[in-house]
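Here is a short briefing to read with the structure open beside you. It moves from strand pairing to aromatic rings, one topic at a time.

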Amino acid sequence: MDELEKRMLKEVAELDSLPVGAFNIRSNGASEGRNSTANIQIENRESGDGINIYIKDGTKNESCHIPVIISKSGHKESVYNEFFIGENCDITIVAGCGISNCGGHDSQHDGIHSFHVGKNSKVKYVERHYGEGTGTGKRFMNPTTELVLEEGSTVDMDTSQIAGINDTFRITRATLGPGATLIMHDKILTNFDQTAKAEITVNLDGEDSTCDIVSRGVAKGESEQDVVIDLSGNAKCKGHAECDSIIMDKGVIVATPKLKATCVDASLIHEAAIGKIAGEQIIKLMTLGLSEQEAEQKIIEGFLR
């Protein structure tokens with residue numbers, strides 16, 4: 001990998017070198033490195049358009065990194081990655097994609113990730129998206145995450161679009177079994193004329209299943225964000241969704257809650273708030289020596305943390 005690709009890898013996966021443990025690094029549609037371990041096996045899909053990851057029962061304190069880098073203008077791809085996670089596991093999965101487009105052709109990455117999480121397993125999933133480039137070509141990114149959580153399992157998701165993506169459609173769908181838990185923190189930053197659409201759908205099908213969904217967005221410039229959070233309580237369950245957004249300049253934000261209960265013991269809550277940065281917050285930071293622009297940036301960074 002060249003220096004640009006190494007820097008992009010740092011942005012999306014916080015890696016300075018090849019990670020310890022299982023990994024699959026993809027650059028401009030080709031493999032830049034792969035490693036399996038005794039407990040985590042990475043294999044090509046028969047269709048050749050992605051990978052399958054198999055994690056053995058009882059795997060604990062291990063990680064799997066699967067970042068993607070695109071640095072060639074005009075490169076477009078659809079990648080399908082499927083995770084089969086055994087029972088009683090406790091693992092971390094780090095994904096993410098960075099697009100650097102310095103040319104005149106549009107670049108695009110559509111990443112479809114499917115997770116089958118076994119009984120009583122715990123998964124920490126981190127996914128970061130980032131774009132940059134001085135060319136006129138645009139950067140498109142459309143991630144889809146599909147999760148099936150079996151009895152007693154937990155998935156803790158931390159997903160973010162850091163900056164620089166012209167257009168994105170982010171889809172998350174989850175089905176929860178008995179006693180399963182989904183925790184999700186999704187963060188989106190847009191600027192200029194960028195657009196971002198996110199749809200998060202959670203089906204709480206199992207008794208005593210729970211979810212806590214927090215979506216945070218900042219729309220700067222003339223950018224637009226459209227976020228839909230859809231919770232369905234189909235058993236005795238608890239579901240909470242929160243959508244908080246900061247609007248700046250001429251940005252536009254739409255937040256749509258959807259709650260559906262088909263069981264009298266389903267408890268579903270949705271909270272939403274859209275507003276501007278409070279002036280007193282900026283003034284307070286400016287008294288500490290920051291410029292107004294620096295103060296705004298600090299507030300945004302803290303909000304999206």
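**Strands and rings at a glance**

Thr190 has Ala219 of strand β17 as its bridge partner. This is a predicted model, and the points below start from β17 before turning to the aromatic side chains.

**Strand β17 and its neighbours**

- Strand β17 covers residues 209-219, and 8 of its 11 residues are buried, so the rest of the structure largely encloses β17.
- Strand β15 (residues 181-190) runs parallel to β17, and 10 bridges join the two.
- Strand β19 (residues 237-247) also pairs with β17: the two run parallel and are joined by 11 bridges.
- For a landmark between β17 and β19, look at Ser215, whose bridge partner in β19 is Cys243.
- As background, side chains in a regular strand alternate between the two faces of the sheet.

**A stacked pair: Tyr54 and Phe84**

- The structure holds 3 aromatic pairs.
- In one of them, the ring centres of Tyr54 and Phe84 are 5.1 Å apart and the planes meet at 10 degrees, so this pair is stacked; the cut-off for stacked is an angle under 30 degrees.
- Tyr54 belongs to strand β4 (residues 50-55) and Phe84 to strand β7 (residues 76-85), so the pair ties together parts that are 30 residues apart in sequence.
- Both rings belong to partly exposed residues: Tyr54 has a relative accessible area of 32%, and Phe84 has one of 28%.

**An edge-to-face pair: Phe115 and Tyr125**

- The ring centres of Phe115 and Tyr125 lie 4.8 Å apart with their planes at 65 degrees, so the pair is edge-to-face; that label applies to angles over 60 degrees.
- Phe115 sits in strand β9 (residues 107-117) and Tyr125 in strand β10 (residues 122-132), so to speak two distant parts of the chain, 10 residues apart, linked by this pair.
- How accessible is Phe115, buried or exposed? Phe115 counts as buried, at 2% relative accessibility.
- Tyr125 is buried as well, with a relative accessible area of 1%; the cut-off for buried is under 20%.
- Ring pairs also bring in Phe83, which forms a cluster with Phe115 and Tyr125.

**A charge over a ring**

- Which ring does Arg216 lie over? Arg216 lies over the face of Phe303, at 4.9 Å from the ring centre.
- Arg216 falls within the residue range of β17, residues 209-219.

Notes
Residues are numbered from 1 along each chain as its sequence is written. This is a predicted model: local features need pLDDT of at least 70, side-chain atom pairs count only at pLDDT 80 or more; totals for chains, interfaces and linings use all residues. Side-chain values use heavy atoms; hydrogens and water are left out. Buried means under 20% relative accessible area, exposed over 50%, partly exposed in between (1.4 Å probe, protein chains only). Helices (H or I, at least four residues) and strands (E, at least two) are DSSP runs, numbered from the N terminus. Two strands pair if DSSP finds at least two bridges between them. Rings of Phe, Tyr and Trp (its six-membered ring) pair if their centres lie within 6.5 Å; planes under 30 degrees apart count as stacked, over 60 as edge-to-face and the rest as tilted. A charge sits over a ring if NZ of Lys or CZ of Arg is within 6 Å of the ring centre and within 35 degrees of the ring normal.
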